[in-house]
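Colleague: I am new to this structure and would like a close look at a single part of it. Could you choose one strand and take me through its surroundings step by step?

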Amino acid sequence: MSLLAPTQDAMTQTTPPSHSSSSGRVGTGPRWLLLLLTLFLAAPVFAQEKRPLDHDAYDVWNRIQQSGLSADGRWLHYRLTPGHGDATLVVREVSGEGSHEIERGQNPTFTRDGAFLVFRIAPTLEAREEARSNRNTPMPRDSLGILEVATGEIRRISRLKAFTVPDESREWVVIHREAPRNGEEAEDETPEAEPAEPGTEPEPPEPEEEDEASAPDRDRDTGTDLHYLNLRTGEERVFRGVTEYRVHEDGSLLVFAVQSRDGNGGDGIHLVRAHASEAVPVLLGMGEYQRLTLDREGEQVAFLSNRDAWNGEDDEPLFSLFHAPLDGSEARTVASAGVDGLPTHWQVSTNGAVSFSHDGSRLFFGTAPPPPPEADEDDPMLQNVQVDIWNWRDDFLQPHQLRDLNQERRRTYQAVFHRDEARVVQLAHESMLQVQVGSRGDAGVALGTDDQPHRQIVSWDTRFTNHYLVDPRTGERERIATKLRSTANLSPASRYVFWWDGGDFEGTLPRGWMVMDLETREVVNVTEAIPFPVYNELSDRTAPPGSYGLAGWTENDGYLLVHDAWDIWRVDPHGREAPVNLTAGYGRDHQVRLRVVRLELDEPFLPLDEDILLSAFNNSSKAAGYYRTRLDGSRVPEALVMDDVAFGSLEVARDADVKLFTKRTFEMFPDLWVSDRDFQGQRRLTDANPQQAEYLWGSAELVSWTSTDGEELQGILYKPENFDPNEEWPMMVYFYERSSNGLHNYFVPSTGTSINRSFYVSRGYVLFVPDIPYKPGYPGESAMNAIIPGVLSIVDQGYIDRNRIGVQGHSWGGYQIAYMITRTNLFAAAEAGAPVTNMTSAYGGIRWASGRVRQMQYETGQSRIGASLWEAQHRYIENSPLFTAYKVETPLLMVHNDEDGAVPWEEGIQFFVALRRLGKPVWLINYNGQGHGVSGRYPQLDWSIRMQQFFDHYLQGAAPPVWMVDGVPALAKGRTLGLELVEDDPVADADDRNDGSQDRDEER
C-alpha cells in the first residue's frame, strides 16, 4: 500500500474550507469532560457565577505553540497545548471559515505553496505514561501526518523517525522511518519476502537473529526506510537501510547514506534526483557514513566515512573526509589522518560539524588529537581508587572540569579543505579553541578566540578572551586583543572586528563600541561622539555595564547601527564621520524605545533604501507597538500601531500582505491576531481559553512611589476582579529585581516554584510587584529601601489590611526576603525559596550545575558586594540574614532541595536550624533529588498547594494543614503528604499573629 493512501484516524477532525467550522475546542481531555464543558459554556452567561481559580484549572488552560502562516498568507497553523493532556494541532483559514483539527499533531510545516501541511503525530499521553511506568511496555512511536489543506484529507504514516519539507518545495517531502519491532507490521506497509537494493522495493520484515558465525565482526548502526514522496502526483521512492539524508531546499535532489548489517545492501552514499528512475551511487563500500552535507547550490556533497579503514576488527577505524561533485563523479578522500596540513597524529573527528562555505569553495570539518589510551584494566589501583585532585594551578576547578568532561572528550578543532587548491589547513588548535571564518566561510580572514589563559578568573569574575586574526589559507594567526571582557565578532563583510568595551565598574574608563579596521589594525571607539550613553544606565551590578545593543551593519560594512536608551544611531566604523541619529531623536523626545525588527534573519546587512519595521516600547506607560522608518535618516519614524498591550511572536507571510502576531495583557491571553503589513484591519483568530470567563480574574496597573533613598520607582499592582476599595484586603508581595516592564504579561494559571499571579489575585489577594534598584555593597538594604516604602504606599490607600501582608520569592528573591524579615515585622508570613542566608559560607560554595565557585556571584555578580570576602568582610556579615536570625518574628516557609545546583542546600538548612533553635515558626520543604526549583507535574502541584495553605492560614484565617501542625515524620513518609486541614488546631499561636489586635511595626 502506498504511504499516500489516506487513513482513518478516529482522533482527527477536519472541516473543509467550503463548510463552516464549529470546532471551538478548548482542550484535548476526556470526551465526557469536553461534553460537559461544552454544555456548561453553552449556558447563558448571566446564569454563571464566577468562581476563584483552583488547582484543577491548571490542566485545562491552553497554551498556543508552533504558530505559523503559509507563504500565501491564506492558512494558519498553531498548536493548542493544555496544562496536562494531549495537544491539538489546528489549521484554519485566515480569512475564511475552513479549519482542521488534528489531535496530538506537532512540528507542522507548510509546503512552499501552502497546499499541504506535514506534521508529527505524537502517541497519546496515556500511552507514553504507561510505557514509562511499565518497563515491559515499549515506548510508543510517533507517526507522520500529511494534510491536504483544501480538502481536509489526512494521510498517516507510522514509525516516524524524522521528516523534512524542503523550504522551497511545493511537492516533495522526505520521510525517515524507524525499523519495525519484532512481530510488528504497520497497516500502511506491505512486507516483502526478499530484501532489495536501495530504492527498488519497500522494507522487508524484521530479519531473524543471525548466529554468531554469520554476524559481522563489528557492530554498527544499520539504517531504515527512507521515503521520497511527491505529494501532488503520488510518485514515491523507498530506499532501504538509510542512516542519514540531506535534501536540497527545492526538493529536487536527495542524497542519503546506507548501512546494512552484512554490507550487502548497497552500503555507501547515494544520490537521487526528482523524477529520476533510479538512485545513483556516489561512493560504495562497507563502513560507516556520517555528517552528510550538501552545498547551497546542490552541486556537491561531503561526508565522513571509515570505509577505507574498515576491516571488521578494529574497535575504532579512523574516519576520513570525502567530497564529490554531483555530476556523476565518484567521491574521493580529501582529508584523513596524516594528510598534509593536519598536525602530526591528529585525525578527522566525527564529533565535528561538516559544512560548505557560502560559495561552496571551502569545506569545513573537525579534527582532534588521538584519544588517550584506555585505563589498564589489570591495575587494581586504577580500578579501585576514584579520586579528584584539586590543584591551585588548575584553570577550571575540578567540579567545573567534571561538568564539562563529556564536552571536552568530544572537543574538535576546525579545519578547512580548500577545494580549488585541494589543500587542507588546520585553523583551530589546542591553544586557540574557536575560529569563525568571515562572510559565511568565504572571507580571506577568520577570527580566533581563546579563553584558556584567563580561566582561573572565572571563579571570581566573568569570562575573558584573547582574539586572533587567522588566515584561512595558511592557518597563520596574529593576536589582536588580549583579555577582552566581551567576545569580539567579525563584521558581515569581514572588513572589521568589533566588540563592546564597558570600561570599569566605577566609570573612570571610556565605554563604547570598539571597531578595528583589519587593513590598518587601528582601533576606534566609534560611539564616543554620541552625546548620550550607549551603555545600560540602569545596570547596578558591581561590574562594567553592558551595552544597549546594536541593530547591525549596512551593506558592505558601510556603517554600524547602534542603540542608545531610546534611538538608533549610524556610526562610521573609522570614526571619522559624525554619528547620525537615524530615528531623529523621536525615541528620546517621546520616551519610546525604538529597535529594528529583523524579519529576514538570513540577510547579513540592513538596507538603507527600504522601509524598516521598528518595535516600540514606552518606558513610562508600558505601551508597545510598531513604527516604520528608513535607516538613511531621511524621515521621522511613523507610528503604525501603539497600544496598552504587549505584542509578540511577529511573523510576516512570505508572499502576502499578512502579519501574524500575539497581543496580551494581564487580563487577555496572548491569542493570535492578523493584520495587513501596516497593522491595519487587526482581527483575532483564536480564542484559546474561553473558560477564563468562568473565573474571577483581576486587573494590573502601574503604581509609583519614592524609595527611602529618594528615587522614584515603579511597580505593578494587581487587584482582584471583585475589588472594592472600601474593604480591607490581604496583600501578597512578590519581587525579583525589576519587573514593571512586564505590566502587560499574561500569566497562565499553572504550578511552579513561585506564586502564580493569576491564581492568587483570583483568590482574593491584592498582589504588589515592586522594582528594586541596588546600591553596590548593600543588596539587602537596597531591597528594604525599595520594597518597604512601596508596600506602605499601597497600605496608605486604605484598602489593605496591614496585618495580612505576605511576601514570597525564590533564589535572589528568597535571599532578600530572608534579609528583610530580620529587620521588619511588616509581613505576617513569608516564603523564601532557596535563599542564601550566610554569605560568608556561600562565598566559597560551588554552583554544582555549572561547577563554578560562587565567589563571582558576590564580587561582580547578582549579589553585588563588589569585593572579596577579605576586602569587605563586614559587608558579607551585614548582608547575611543568619547573623540576625534572632530578630525574626515572621512565620517562614522555605523550599530548598538537596540537589540544588545554584544555591548550596546548606544555606537553607543553616537558617532553618537557627530559627528552630530560637523557637521561631519555620518550615523547610525538600523535594528529594530536585534542583534549584521545583520540577515535575506532581511535585509542583504539591508545592503550589502547600504555599496556598500556608498563606491562606496566615493571611485569610484558613485552617492549617497537618504538615504545618504536626509535620510528616519520617515513618510516615511515602504514606501521607499531610495536606489535610486541621480545623481545630491553630499553628504556633503563642504570639496571636492573626488576632488583629494591633498594627505591626513596619521597621524595628
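Modeller: Let us take strand E19, bearing in mind that what we are looking at is a predicted model. On one side, strand E18, which covers residues 300-305, is joined to E19 by six bridges, and the two strands run antiparallel. Within this pairing, Val301 has Ala324 of E19 as its bridge partner, which gives you a place to start when you trace the two strands in the picture.

E19 also pairs with strand E20, made up of residues 332-335, again in the antiparallel sense, and here the pairing extends over three bridges. One of the bridge partners to look for is Arg332 in E20, which is matched with His323. If you follow the chain from E19 to E20, you pass through six residues that lie between them, and the two strands together form a hairpin. In the turn of this hairpin sits Gly328, whose phi is positive, at about 100°.

What remains is the question of how far E19 itself, at residues 320-325, is enclosed or open. A residue is called buried when its relative accessible area is under 20%. Five of the six residues of E19 are buried, and the strand is therefore largely enclosed by the rest of the structure. To put the part together, E19 is bridged to E18 and to E20, with the turn that holds Gly328 lying in the hairpin of E19 and E20.

Conventions. Residues are numbered from 1 along each chain as its sequence is written. This is a predicted model: local features need pLDDT of at least 70, side-chain atom pairs count only at pLDDT 80 or more; totals for chains, interfaces and linings use all residues. Side-chain values use heavy atoms; hydrogens and water are left out. Buried means under 20% relative accessible area, exposed over 50%, partly exposed in between (1.4 Å probe, protein chains only). Helices (H or I, at least four residues) and strands (E, at least two) are DSSP runs, numbered from the N terminus. Two strands pair if DSSP finds at least two bridges between them.
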